[in-house]
Amino acid sequence: IMYQIRQKYGVVGDTDSYKLSHTPQYKKGGDMMISYFESRGGDFDRTLNFGAELLAKEYLLQRLTHKQVDNMIEWAKEHMGGNMVDDLEIALRAVVDERGGRLPIRIRNAKEGLMIPKKNVILTIETTTPDPRYFSIVSYFETKLVRVWSPMTVGTTSWYVRKAIYEALVESADEPDAEIPFKFHDFGSRGVGGMEVAAFAGAAHLVSSMGTDTTVAVQAIEMAYGMRMAGYSIPASEHSTTTTHGPDGEIDLVTQMFDAYAKPGAIFATVIDSYDAMNFIRNITPLFKERLIESEALWVLRPDSGDPIKMPIQCVVELDKVFGHTVNSKGYKVLNHVRVIQGDGITPPQVTQILNYLMLRGYSASNIAFGMGGGLLQKNNRDTHKYALKCSAVRVNGEWQDVFKSPSVYDENWNKVETKSFKASKAGRLELVWNPITEEYKTVRREYLTSMDPEWEIALQTVYEDGYMVRETQFEEIRRNAGTF
């Protein structure tokens, strides 16, 4: 269906309905526009910059045709209940006739993978040609570009969860750098609204992890960022593969799994709560202890219900009774031959809680990994980090003018107060600059750049311009920018 929409209506079919009516509303004499994207707040001080190149490649490389303009204008007139899209048609015809169907816009973005402090410009979109016909095209494509909020939100969550796990590994594990790539796993593909969300949001998770079950995320990175295999998974059971054996058949399931996967160096996982997780550990895992030791494989046990904090810790304690442990160089216990993964009901704060409680009981963070599903890829929205794309300047009759909004704030008695609304937007042609010495970022007006101290550098780079990709970043570089691998 999405393919058919793109074929019929082209790059202009996907927008907000009211954008179809905006061209006649702008100030007369305007011929250029610039807008910016930022995080206006949220739970974290910084957000991961990721996904602008992915979205540009997905949405903005298709060349517009007259047939697509015909289809879109006919549809828009019917949809909007009148003949109010003449100016839009003029702009779109000019794109086809004079620009070969290539969009006259420029997207500038900080390097992908960087953690940008909130309330700073992350990217800008602007017209490339002074022309009143193209003036409103920047705003028309806001709908597409603002969707970068989703991968940025997921990428931010994964970055901070990775940070919490890594700190625990540094304290309690012998080889934290070797373990961290596979300590946080994406189980979210089935928990999102569609394949595109799974691909884009799941790709953002892989900036900070190499563990995922979201196949299309790995494939999207291959197509967009040039890395063949950015994420990996392992053989694992689910409840259906267990329960087809019946309540008395879990031993048969485990036997078949050992037959298939228990090889030297292999890792495989078994869900243990189909009936009774504690019974599984206490009475079924001992039956396979010697075979596991002989196989030289690692067996991961997954409780999938119960208290998300208490259950995985108790599983570690119970497995210790069966398989025993060694004590590492940092004085923490590490289970022999087995591990636990908690993938049900996990939130970022709970990851830290579980790790702290586990280490308080003398167990290394090596013993546990984490997974998140819809809570990672879907349980958020654009307001999680208060992302917004806002117009900040227009050129009218040859002169640049500031554009901003500043909503009033009222107290409980509806008296206006001086507090500034978080929805107030920035004004002017804006730049993000950074200081490589102090690693600070700040947003400034372009006209102030010449008066800044020389150590400050412009952080925004052109990603897309006039229908072509200008910057194409490799995924290895994105991970380096994020400081993850």
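Helices are DSSP runs of H or I with at least four residues, numbered from the N terminus. Tyr166 is found in one of them, helix H7. The model discussed here is predicted, and H7 is a useful thread through it, since the helix recurs in the sections on the sheet and the pocket.

The overall frame comes before the details. The protein chain holds 18 helices and 22 strands. Its C-alpha trace spans about 80 × 50 × 50 Å along the principal axes. Of the 485 residues, 53% are buried. Among contacts between residues at least 6 apart in sequence, 75% join residues at least 24 apart.

Two of the sheets can be taken in turn. Strands of a sheet pair through backbone hydrogen bonds, in either the parallel or the antiparallel sense. One open sheet consists of seven strands in the order E15-E14-E1-E5-E3-E21-E22, with antiparallel pairing. Its edges are strand E15 (399–402) and strand E22 (468–469); each has a single partner strand, so one side of each is left without a neighbour in the sheet. At the E15 edge, four bridges join E15 to strand E14, residues 387–396, and the two run antiparallel. Val396 has Glu399 of E15 as its bridge partner. Helix H7 packs on this sheet, where it touches strand E1 (30–39), strand E5 (121–127) and E14. The direction of H7 makes about 135° with that of E14.

The other open sheet has six strands in the order E7-E6-E13-E12-E9-E8, and here the pairing is parallel. Strand E7 (211–212) and strand E8 (267–271) stand at its edges, each with a single partner strand, so each has one side without a neighbour in the sheet. Within this sheet, strand E6 (residues 184–186) and strand E13 (residues 368–372) pair in the parallel sense over three bridges. Phe184 is matched with Phe370 of E13 as its bridge partner.

Two residues give a local view of the helices. Leu145 lies in helix H6, which covers residues 142–145. Its relative accessible area is 5%, and buried means under 20%, so Leu145 counts as buried. Beyond its neighbours within four places in sequence, Leu145 is in contact with Leu55, Ile107, Leu123, Ile125 and Leu389. One of these partners, Ile125, is 20 residues away along the chain, and the two C-alpha atoms are separated by 8.9 Å.

Tyr166, in helix H7, falls into another class. Its relative accessibility is 25%, which lies between the 20% limit for buried and the 50% limit for exposed, so Tyr166 is partly exposed. Leaving aside neighbours within four places in sequence, Tyr166 is in contact with Pro176, Asp177 and Ile180. The C-alpha atoms of Tyr166 and Lys183, 17 residues apart along the chain, are separated by 8.8 Å.

The last feature is a pocket. The second largest pocket has a volume of about 880 Å³. Its lining comprises 34 residues, and those nearest the centre are Arg6, Glu58, Tyr59, Glu196 and Phe200. Helix H7 (149–172) returns here, as one of the helices that each supply at least two lining residues; the others are H1 (2–9), H2 (52–59), H9 (195–205) and H10 (215–225). By residue class, the lining divides into 18 nonpolar, nine polar and seven charged residues. Helix H7 therefore both packs on the antiparallel sheet and contributes to the lining of this pocket.

Technical notes:
Residues numbered from 1 in each chain as written. Predicted model: local features only at pLDDT ≥ 70, side-chain atom pairs only at ≥ 80, totals over all residues. Heavy atoms only, no water. 1 Å grid on protein atoms, 1.4 Å probe; cavity = no way out; pocket = protein on both sides within 12 Å on 5 of 7 lines; lining within 4 Å. Points joined across faces, edges and corners; volume = space filled by probe spheres on them. Nonpolar A, V, L, I, M, F, W, Y, C, P; charged D, E, K, R; others polar. Pairing = 2+ DSSP bridges. Contact = heavy atoms within 4.5 Å. Axes fitted to C-alpha atoms, helices over the stretch in contact; angles between N-to-C directions. Buried < 20%, exposed > 50% of the residue type's maximum accessible area, 1.4 Å probe, protein only.
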